[in-house]
Amino acid sequence: MANGAQDGSRLVQVQAPAQRFAYLQAAVDDAAAEGQRGEELLIPLLQAVQGKFGYLPAEDLAAVAEILHVPLSRVYGVATFYNQFRLTPVGKHIIRSCTGTACHVKGAQMLRDALQAELGIAPGQTTPDGRFTWELVACLGACGMAPVIMIDDEFHGRLTPQQLPRILRTYSA
Amino acid sequence: MAADEAAKAGFRTAAAPQDWVRLSVDGRELAVPPGTSILEAARRAGVEIPTLCYHPELTVAGACRLCLVEVEGARNLAAACATPVQQDMVVHTESPQVVEARRTVLELLLQNHPLECYRCERNGDCRLQDYAYRYQVEAPRRPGAVRHFAPDDRNPFFVRDYDKCILCGQCVRVCDEIQAIGAIDYTRRGFNTQITSAYGQGLEEAGCVFCGMCVDVCPVGALVPKYALGAGRSWEKTWRRTICPYCGVGCAIELAVKGGRIVGARAAHDSPANAGKICVKGHFGWDFVQSPDRLTTPLVRRGGKDGPLEPASWEEALHRVARGLAEIREQYGPDALAVLSSAKCTNEENYLMQKLARAALGTNNVDHCARLCHASTVAGLATAFGSGAMTNSIGDLAQAQVLLVIGSNTTEAHPVIGLRIKEAVRRGAKLIVADPRRIPLTRYADLHLQLLPGTNVALLNGLAWIIWKRGWYDAEFVAARTEGFEGWSRAVEPYNPEYVSKLTGVPVQALEEAARFYAQAERAAIVYSMGVTQHTSGTDGVLAVANLAMLTGNLGRPGTGVNPLRGQNNVQGACDMGALPDVLPGYQKIEDPAVREKFGRAWGVRLPERPGLTVTEIMDAAARGQIKGLYLMGENPVLSDPDAGHVQQALQRLDFLVVQDIFLTESAALADVVLPGTTFAEKEGTFTNTERRVQKFMPVIEPVGAARPDWQILLDVAERLGHRWDTRTPAAILDEAASLTPIYGGIRHRRLGPAGLQWPCPTPDHPGTPILHTQQFSRGKGLFYPVTYRRAHELPDEEYPFILSTGRLLFHFHTGTMSRRSPELTTHRPWERSEINRQDAARLGLKDGDVARIRSRRGSVLARVEVTDRVPPGVVFMTFHYRESAANLLTAAALDPVARIPEFKVSAVQVEKVAPEQAPAVPEEYARCMRPEARV
Ligand code: SF4
Ligand code: SF4
Ligand code: SF4
Ligand code: FES
Ligand code: FES
């Protein structure tokens, strides 16, 4: 009796979860099978969402909150705490620009300004056409080639702002 | 319940003193119960350890590290708030090592803190500032980056200044643990950590109810009410304790006063009624006290009925009142007079008002707005138990294992009781909500029984049928403590689940489930309110509730009971004090000669014998010309009574109308004499909250202008009618009331501490009664009174296809005259938003914010609509807070045959879309409060 609220068997007639969230229920069952329950399920569920979409769509976060009976603010707080979770869809290609010391000395800031102008987005965002996601990272470990950016798994070193448009053009939409 | 579970649930396990842990704190020897933290132990010994993230009413976070102390023999410093005491522990709270560590913590905080104390609201009352001073921490020179985020001031209530936030997390915990909303949490990480809602959306979208409890717990100036900005330094304000003037919870609050004006409010932590909790109205709803619209002088109508109301002296006004009333009495007899007392006034004032009617005017025509909300409770529970009040206490609800909440939108109408229900759920209780609407409480419910409006009796009988037929009832209790079971069971016979499901629209399986939950629990409580009472079958509904509780033996023990939630802050007291036509104070029947004899002797008069008229009957009699003179105190029937158009005509027809109020209300505008009374903040007296707790309060400010406390006015009027009463103070008035009222027999002003006293309290040494009917019912045996389902007086048809239900909103109160004068409340909810279901709206072409004409057989109003699935198809919901969209023009004065309560919860209406330009304008006196200059 004392555990009524925690046992997850609430009977409230919420509208049957849309088909789209069935995968979450499956993830709950899997994690529960491993003995996880209640709020311990939060991270496994977020991983399931990200596994499916590559990021955390807002409606799915709301569904996670609903399923676990935790406030959305908590779900969002956890999602923004861990590096591994993304709240926006990733573009087809990921650009990582280095903010490390060597690159900094060799003009990484100019490169970033140029990227910003070229892509029309700020670091951490994705272009509206879904082509690029742009992130800032600490040293990429290629200091010899500074300044460096990485696109998907290719390095582009000793880069000048002028070279950028030609390089970006070669990554398909 | 296992011990650890019990501890988790918040019960401290009781240990005998010999098992207590002994320790030393700063050389002081003490013994405390096991499980006590070092911090709490030290506080008991009078040693104040500094804290930033600790709050005694919240879980321990151990986040700020300011409470570090040295424990001899331990390798590291320990966080006092999170470390339990151990036998023979030796603790040093201010050793050099400790002080050094605290300085470091404070330096790090100041590193990222704007040093703007000069303009900070909390200057002088800020824990960071206090500790930085106490430990003489130097202002940092800021080598590194300083965080800067724009403040969040998107809501009308308070500002969150991220730069001042020290991330103690108290606001997060209070919102999650006490308010159970969880609007905010820590988001992002490291340097960028902030307390925000999900996606940084506005607090309203995040479900915030603007209780402001987060503001109250913030130890620094990061959360500040907008009203406080620039309104006074902490040392210029004094905090004075009083009782919230809004709902029947009766929260103890504190008002900040500067230069004779109220400049702020917060919860008080010393009354068991609210135990430190508060809602948005208590926190932000006090502006009306100082509104420029307050009546500051008496007014009299000069030059006949069509003449103007003009300022007058008290002398002239009181003379006119006495003469006007006396003339009518002489010419037409005392029963041509009537008075309406007030659930907003004190016990003392209600006592005087009914005494004035009975002893000075000679009529029993005295009533008040309780008729409109809980007359059926008083009638029904008096029949079943012998006493018409909440059986258990507010705090007690959290002990229930199952809660059945029926016809009570608790989180909006009685918000702080709503918190207790959420607390019970948090402790593992099952919650069943029976309501036609998907009210906010359904979010916490295990079961929502979405019954059709007006089918409570069928539902309750149906649950009882299942419990009875399945043999789940408490036969022992029924046999030992009740009577009438036989007759009752015959009446319930037809209410099988299939039939009940057809009547109520609730699926059979949900009925079975609800009955099983309720019957299984060892402690189950029923909470109900106007959704049960405001029907033509209101008294039957109350009786059906009582039957269900008796059937399962859920009475007379903690965590059980039948708990009607009373609407106004003193509606319980107004009833207790006999502001009712058929009973004298303490529900002593006027028809009983012995009772009349007792009061007659005490008052030195012969009391009128026949019960008087009720509110609705008074209005009818006035319309017919039978009632010629009416004295209204703090009531505005033009807006609050059913069929408002009819009420207006009735008041116009009177020969003489006196209105005593704080504003020139719609009713006052029709008066011959208007007497300026005072608000709760300007007077002394007692209020009795919904759990029968009599609480005393003192004036916080002086009366505005020439206004006078209502008890003084009543004494003056009585005197001019030839009755000089020598009870010249509220304490003396209550003494007299108590001497004649057994249930108040032991209640005296001087006995009333912060916790007040719960009646019955028959003798001066009686401790009060938290739970009624523990050994036997007030009437001896509990009575099973058979009730059967009757249809509502009016059902939808082709012409009027919708059911209109009326009720309240969290952010406003009653007819809005108080709450709509708060800049915060009125900016947040400026106008009516009648709720209509998505499907219906689509059919009528209505979108959110569109304007609709809602029409019943009695009248029609215009209102903006909100398209929602809170109401089911076929139902429209309106509040009665907005006079420009007055719902009571639509409701009918169809009455419950016993309690004469009107059926506010069911009327048939039609809805049509009209042009947006037809949106009713916000009345100027409230529109003004939304402008920026409102707060100067
Ligand atoms: S005002 Fe109340 S509901 Fe809103 S965030 Fe603060 S604690 Fe939560
Ligand atoms: S806003 Fe106040 S209560 Fe909330 S975390 Fe910041 S400092 Fe603490
Ligand atoms: S719950 Fe009621 S009494 Fe308490 S603060 Fe709110 S309105 Fe006032
Ligand atoms: S600093 Fe840019 S790659 Fe190392
Ligand atoms: S008060 Fe103990 S860690 Fe904050």
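Does Ala413(B) count as buried or exposed, and at what relative accessibility?

**View 1. Ala413(B) and its surroundings.** The model is predicted. Ala413(B) counts as buried, because its relative accessibility is 12% and the limit for burial is under 20%. The residue is found in helix α12 of chain B, which spans residues 410-413. Setting aside residues up to four places away in sequence, Ala413(B) touches Cys247(B) and Arg808(B). A further pair gives a distance across the chain: Ala413(B) and Val911(B) are 498 residues apart in sequence. Their C-alpha atoms are 26 Å apart in space.

**View 2. The shell around ligand 3.** Cys247(B), a contact of Ala413(B), also belongs to the residues around ligand 3. Three other cysteines are in this shell with it: Cys244(B), Cys251(B) and Cys279(B). Tyr246(B), Val249(B), Gly250(B) and Ile278(B) are there too. Lys281(B), Gly282(B), Pro415(B) and Val416(B) complete the list. Two elements of chain B, α7 (280-284) and α13, each give two or more residues to the shell. By class, the shell around ligand 3 divides into nine nonpolar residues, two polar and one charged.

**View 3. The shell around ligand 2.** Which residues come nearest to ligand 2? They are Cys165(B), Cys168(B), Gly169(B), Cys171(B) and Cys218(B), out of 13 residues around the ligand. The shell around ligand 2 holds 11 nonpolar residues, one polar and one charged.

**View 4. The largest nonpolar core.** This core has 101 residues. Phe158(B), Leu255(B), Leu403(B) and Leu431(B) have the most contacts inside it. Helix α13 of chain B, residues 415-426, supplies the largest share of this core, with six residues. Apart from this core lies another, of 59 residues. Val300(B), Ala336(B), Ala579(B) and Val673(B) are among the residues of that other core.

**View 5. Contacts of Phe158(B).** Neighbours within four places in sequence are left aside here. Among the contacts of Phe158(B) are Leu203(B), Phe210(B), Val215(B), Leu223(B), Val224(B) and Phe284(B). Cys214(B), Gly212(B) and Pro225(B) also touch Phe158(B). Charged residues take part as well: Asp152(B), Asp153(B) and Lys226(B) are in contact with Phe158(B).

**View 6. Domains of chain B.** Chain B is divided into domain 1 (15-94), domain 2 (146-290), domain 3 (299-370 + 570-758), domain 4 (375-564) and domain 5 (802-934). Domain 3 is written as two segments, with domain 4 falling between them in sequence. How many residues of domain 2 of chain B are in contact with domain 3 of chain B? Domain 2 gives 21 residues to this contact, and domain 3 gives 22. Taken over C-alpha atoms, the centres of these two domains, domain 2 and domain 3 of chain B, are separated by 37 Å.

**View 7. Chain A as a whole.** Chain A has seven helices and four strands. Along the sequence, the pattern is α-α-α-α-β-α-α-β-β-β-α. Buried residues make up 42% of the 173 residues in chain A. Among chain A contacts between residues at least 6 apart in sequence, 61% join residues at least 24 apart. The accessible surface of chain A is about 9,300 Å². Carbon and sulfur atoms account for 54% of that surface. The domain assignment of chain A gives domain 1 (5-81) and domain 2 (93-170). The C-alpha centres of domain 1 and domain 2 of chain A lie 35 Å apart.

**View 8. Cis peptide bonds.** Ala146(A) and Pro147(A) are joined by a cis peptide bond, with omega about -5°. Pro147(A) sits in the loop between β2 (132-137) and β3 (149-151) of chain A. In chain B, the bond from Trp759(B) to Pro760(B) is cis, and omega is near 0°. Pro760(B) is found in the loop between β30 (757-758) and β31 (782-783) of chain B.

**View 9. Positive phi outside glycine.** Arg188(B) is not a glycine, yet its phi is positive, about 55°. The residue lies in the loop between β7 (185-187) and β8 (194-196) of chain B. Arg188(B) counts as partly exposed, because its relative accessibility is 33%. Tyr587(B), also not a glycine, has a positive phi of about 60°. Tyr587(B) has its place in the loop between β23 (583-584) and β24 (588-589) of chain B.

Technical notes:
Residues numbered from 1 in each chain as written. Chains lettered and ligands numbered in written order. Predicted model: local features only at pLDDT ≥ 70, side-chain atom pairs only at ≥ 80, totals over all residues. Heavy atoms only, no water. Core = buried A, V, L, I, M, F, W, Y, C linked by side-chain atoms within 4.5 Å. Buried < 20%, exposed > 50% of the residue type's maximum accessible area, 1.4 Å probe, protein only. Contact = heavy atoms within 4.5 Å. Near = heavy atom within 4 Å. Domains from an automatic or database assignment. Areas by Shrake-Rupley, 256 points an atom, 1.4 Å probe, with all protein chains shown as cover.
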